[in-house]
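Please read the model below with attention to how its side chains meet one another and how its helices are laid out. The paragraphs that follow go from aromatic rings to one helix, then to charged pairs and the surface.

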Amino acid sequence: MSGAALGFEIVFVFFLALFLLHRYGDFKKQHRLVIIATLLAWYLCILIVFILPLDVSTTIYNRCKLAVNSSPTESNGSYVTLAPSKQKCFKPWSYIPDGIMPIFWRVVYWTSQFLTWILLPFMQSYARSGGFSITGKIKTALIENAIYYGTYLLIFGAFLIYVAVNPNFNLQWNQLQTIGIAAANTWGLFLLVLLLGYGLVEIPRSHWNGAKRGYLLMKTYFKAAKLMTEKADAEENLEDIMEEVRKVSESIKYNHPLRKCVDTILKKCPTEYQERMGRNMDDYEDFDERQNSYPSEKSLAKLHKQVIYSVQRHRRTQVQWQILLEQAFYLEDVAKNESSATRQFVHTFHSQEPENKIIQYFYTPTVEWYWECLLRPWFYRVLAVVLATFSVIVVWSECTFFSTKPVLSLFAVFIQLAEKTYNYIYIEMACFLTIFFLSICVYSTVFRIRVFNYYYLASHHQTDAYSLLFSGMLFCRLTPPLCLNFLGLTHMDATISHKNTQPTAYTSIMGSMRVLSFIADGFYIYYPMLVVILCIATYFSLGTRCLNLLGFQQFMGDSEMTSDLIDEGKELIRREKRKRQRQEEGESRRREWKERYGNREDSTRSRAVHTDQKESSFSETNANRPLSKYTRSNGRTERDRIELLQDAEPLDFNADSVNDDPLESDSGRYQPGGRYLSMSRSKIFDDV
């Protein structure tokens, strides 16, 4: 089993990251480099979370070996004896051989740092650029990131000059590397505590509120009102941008040098706008550079950028509106079915997507009623209590993990108890659950954050490239300090435990923080205590109340604005529900009519075809009949009769189609050849 667990987790985490990225990104429409860069960033961050428990169990086994092999005199030297000298150490099932983990952590860490500080910011600017060529996009990205990169180079250069001039400092390359890592982790820890304080309270509270049907339905109505406003704003913005595109397309003709840029912009527009602009465009007129003023390539690049943003926003709001409607309809169905005497779940509307047959076989209406109306609320309450307990343990450990005598951190107590019995399964499970819960609290906050319309992770493939890359940057910056914080909570970090024991492979890559004592002994220990203040602020919804005062509508039960938006959202949902009901009723009537009169229509059509064939054969027979029997005396009379027949207008008479007013008759359509064709019976009920 040596190394098998590591290989399995590497493969499993890759497919997990691919699944999450497929849920938020769009593999078909977004650029491949954006997908690959985001996938790599997400994959490395999730991989660190899954591999770190294996590093902890391997480190505990290596400490045991050193303690057993060391003599009593050596136990007071470089290593501390953690077990009696004759005690046997048991190798964990997931043991990783020496030399693999340091190389693994070095590759993973520096790759993630290269992504978050260099590659992903550049790709963000590249993705948002409106340039029409690769060179133009790269130039724009370099200009936008000049200040970003220049600031870091200026700070680093000033620090190097200070170190070179000051004779008291004699820093080597390893120490400079440690200082850079410490600076990156400090920035990440500052943001980590903010996100963690929000997630520790909001995740248990959201699950507790998930058991309240009325609460979820009211919040859905509130979201519907806000989303309708955003949807209308997106449609209006798209109309304005398309109007500018139309003017540019009409002014720049087919033989203008910038016509290729205009064609590139038109390809990014929705299909209906492309067809409309194509009909109104006259490409037969040559452009005259003297008479007309044409936009520059820079202004076209700006317009291209606006088109990409407005189309993406419009598509996202449309998809989110449909998803929100389905959610509101389902919650209303749950509220209605709670008082059902048959205990079978009845849906108002059938699902638009085909359901899996296996799910239909096991998840019957009776099972669905018991789960949705009876079991699910209690399950969410129990889960909320468990998560709240975890949150309390985390807050307590964050405030007391610096205490080593006595050990007050509960996570450190659990790990040390398992370390005495060398129960590696328990150690790995405890470590995994701890770091997994911390990751959920932090990463879920990243997924919930919305910075206006610039950063927003929307599910169902509606996240733009800029937001995907920005999320990858945040994950790569938050994961290393998150892992260091976890090792501090469990006292596996020598900087916290103050023991001269063998460190984990992860902390050995980070280097000794003793180079910067004010960070190691000050910031890393006391700053996480601020999580208590942030948890209290989140519990009383201070941030929500501040945003509400600033004009950003937030869901608050005691607000008059919230009540108005709930009523507005309820009316919008009711209107959409009536529209959906009318559509389904029309489809059912059309289906019923087709089933009832479909065979009769088919027989009528076949009879009409048979009659036409008889008439055509009769006319051919008359045309081929010899004319030798006609004499010269009556030839002129026959020609006059033929001319009269040609001037007459044949009419296919239908008694059912007679109308007193011919102008209002819908029985036929006038054809250029002077013929009225009677409407068949099937077309009368096409709109029913």
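The count of aromatic pairs comes to 31, where rings of Phe, Tyr and Trp (its six-membered ring) are paired if their centres lie within 6.5 Å, and planes under 30 degrees apart count as stacked, over 60 as edge-to-face and the rest as tilted. F402 and Y526 form one such pair, a tilted one, with 6.1 Å from centre to centre and 45° between the planes. This pair links distant parts of the chain, since F402 sits in the loop between α12 (365–400) and α13 (410–421) whereas Y526 belongs to helix α18 (residues 517–526), 124 residues apart. Helices (H or I, at least four residues) are DSSP runs numbered from the N terminus. F402 is partly exposed at 33% relative accessibility, and Y526 is likewise partly exposed, with a relative accessible area of 48%; on this scale buried means under 20% relative accessible area, exposed over 50%, and partly exposed in between (1.4 Å probe, protein chains only).

The structure is a predicted model, in which local features need pLDDT of at least 70 and side-chain atom pairs count only at pLDDT 80 or more, while totals for chains, interfaces and linings use all residues. Residues are numbered from 1 along each chain as its sequence is written, and side-chain values use heavy atoms, with hydrogens and water left out.

A stacked pair is found in helix α15, where Y466 and F470 lie four residues apart, about one turn of the helix. Their ring centres are 6.5 Å apart and their planes stand at 5°, so the pair counts as stacked. F470 is partly exposed, with a relative accessible area of 24%. Elsewhere, F8, F12, F50, F432 and F436 form one aromatic cluster.

Helix α15 (residues 465–489) can be followed further. Its 25 residues should span 36 Å at 1.5 Å a residue, and the end C-alpha atoms are indeed 36 Å apart, which agrees; the expected span is 1.5 Å times one less than the number of residues. A kink of about 25° nevertheless lies at T479 in α15, shortly before the proline P480, the bend at a residue being the angle between axes fitted to the seven residues ending there and the seven starting there. Of the 25 residues of α15, 23 are buried, so this helix is largely enclosed by the rest of the structure. Just after α15, H491 takes a positive phi of about 60°.

How many salt bridges does the structure hold? There are 14 salt bridges, each being a side-chain nitrogen of Lys or Arg within 4 Å of a carboxyl oxygen of Asp or Glu. In helix α21, R574 and E571 lie three residues apart, about one turn of the helix, and they form a salt bridge whose closest N and O atoms are 2.7 Å apart. R574 is partly exposed at 38% relative accessibility, and E571 is partly exposed as well, with a relative accessible area of 31%. Salt bridges that share partners also join E202, R205 and R448 into one network. Within this network, R205 forms a salt bridge with E202, the closest N and O atoms being 2.9 Å apart, and these two residues are three apart in helix α6 (residues 173–210), separated by about one helical turn. R205 is partly exposed, with a relative accessible area of 23%, whereas E202 counts as buried at 14%.

A further salt bridge joins the side chains of R259 and D263 (3.2 Å, N to O), which are four residues apart in helix α8 (residues 259–268), about one helical turn. Here R259 is buried, with a relative accessible area of 6%, while D263 is partly exposed at 32%. An α-helix has 3.6 residues a turn, so residues three or four places apart point the same way.

Helix α21 (residues 560–624) also contains K570, which is partly exposed at 29% relative accessibility. K570 and Y221 are 349 residues apart in sequence, yet their C-alpha atoms are 5.4 Å apart in space.

On the surface, W93, I425, M429 and L433 make a nonpolar patch of about 390 Å². Such patches are made of residues with over 30% relative accessible area and no salt bridge, with like charges joined within 9 Å and nonpolar side chains (Val, Leu, Ile, Met, Phe, Trp, Tyr) within 5 Å; the accessible areas come from the Shrake-Rupley method with a 1.4 Å probe, and for residues only the protein chains shown count as cover. M429 is placed in helix α14 (residues 424–448) and is partly exposed, with a relative accessible area of 46%.
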